[in-house]
Amino acid sequence: MHIESMNEITVSLINSILARIDSIEKFSFTTWVTIAISFIAIVISIISFSKNNSVAKDNALENIKRNIDTAKTQYETLCMQVAELKAKTNPTKDEQEELKIKNSILDSSFEKVLNAYEDGCSLFYKRKVNKKDFKEKYQLDIQDYVARFPDKYTEPLTSYGNVVRFHKEEIKMQKK
């Protein structure tokens, strides 16, 4: 969207320059050089803006990946700790209490995983990431989470509105 507005500005500037060229009968060599340099500067600015925008989107996608990976790693680590406690045949009262606390932390950790996907979908809709790359990386995960945990994504009470929107617009629409 920004690139289109930059293109519109460029076209407007070029039209303005051409209108002035038509109205003036003679241009000196330095005037032509100045116009050429200005035009080249505009083209370079547009290219630079486009590249910077692409790099920013790639960085945002990398941050999403890092956040999801970190949240999943924490969740998996806690799952292992809880599994060890559940595997005990005769847990002590302290171990039972520890299991209760770790289960609570485990639930919170799972919410962090879901929040990481929600944040990613939010950036997807704000056009802060390359949509094609995001869909390739996270579409299956999101589809899986929505299918496995429908209670987390039930509208209108869900706090994961962007994930629900992504699921409806990008996944369900593809299947039709």
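How exposed is Lys-88, in terms of relative accessible area? Lys-88 is partly exposed, with a relative accessible area of 37%, where buried means under 20% relative accessible area, exposed over 50% and partly exposed in between, computed with a 1.4 Å probe on protein chains only.

Before going further, note that this is a predicted model, in which local features need pLDDT of at least 70 and side-chain atom pairs count only at pLDDT 80 or more, while totals for chains, interfaces and linings use all residues. Residues are numbered from 1 along each chain as its sequence is written, and side-chain values use heavy atoms, with hydrogens and water left out.

**Stop 1: Lys-88 and its partner**

Keep Lys-88 selected and add Glu-95, with which Lys-88 forms a salt bridge whose closest N and O atoms are 2.7 Å apart; a salt bridge is a side-chain nitrogen of Lys or Arg within 4 Å of a carboxyl oxygen of Asp or Glu. Glu-95, at 18% relative accessibility, counts as buried. The structure holds nine salt bridges, and two others are visited below.

**Stop 2: helix H2**

Select residues 29-86, which make up helix H2; helices (H or I, at least four residues) and strands (E, at least two) are DSSP runs, numbered from the N terminus. With 58 residues, H2 reaches 85 Å from its first C-alpha to its last, close to the 86 Å expected at 1.5 Å a residue, the expected span being 1.5 Å times one less than the number of residues. Among the buried residues of H2 are Ile-35, Ile-46, Ala-60, Leu-61 and Ile-64.

Within H2, pick Lys-65 and Asp-69, whose side chains meet in a salt bridge (2.6 Å, N to O). Both lie in this helix, four residues apart, about one turn. An α-helix has 3.6 residues a turn, so residues three or four places apart point the same way. Lys-65 is partly exposed at a relative accessible area of 32%, and Asp-69 likewise counts as partly exposed at 32%.

**Stop 3: the nonpolar cores**

Now select Tyr-117, Phe-134, Tyr-138, Ile-142, Tyr-153, Val-163 and Phe-166, which touch the most other members among the 25 residues of the largest nonpolar core; such a core is a set of buried Ala, Val, Leu, Ile, Met, Phe, Trp, Tyr and Cys residues joined through side-chain atoms within 4.5 Å. The elements that give two or more residues to this core are H2, H3 (93-125), H4 (131-148) and H5 (161-175), and H3 gives the most, with eight residues.

Centre the view on Tyr-117 and leave aside its neighbours within four places in sequence: Tyr-117 is then in contact with Ile-68, Lys-72, Tyr-138, Asp-141, Ile-142, Tyr-145 and Val-163, contact meaning heavy atoms within 4.5 Å. A second, separate core of five residues includes Leu-78, Val-82, Leu-85 and Leu-99.

**Stop 4: from the loop to H3**

Select Lys-152 and Glu-111, a salt-bridged pair whose closest N and O atoms are 2.3 Å apart. This pair links distant parts of the chain, with Lys-152 in the loop between H4 and H5 and Glu-111 in helix H3, 41 residues apart.

**Stop 5: Glu-170**

Finish in helix H5, where Glu-170 is found. Glu-170 is buried, with a relative accessible area of 14%. Leaving aside neighbours within four places in sequence, Glu-170 is in contact with Phe-124, Tyr-125, Lys-135, Gln-139 and Arg-165.
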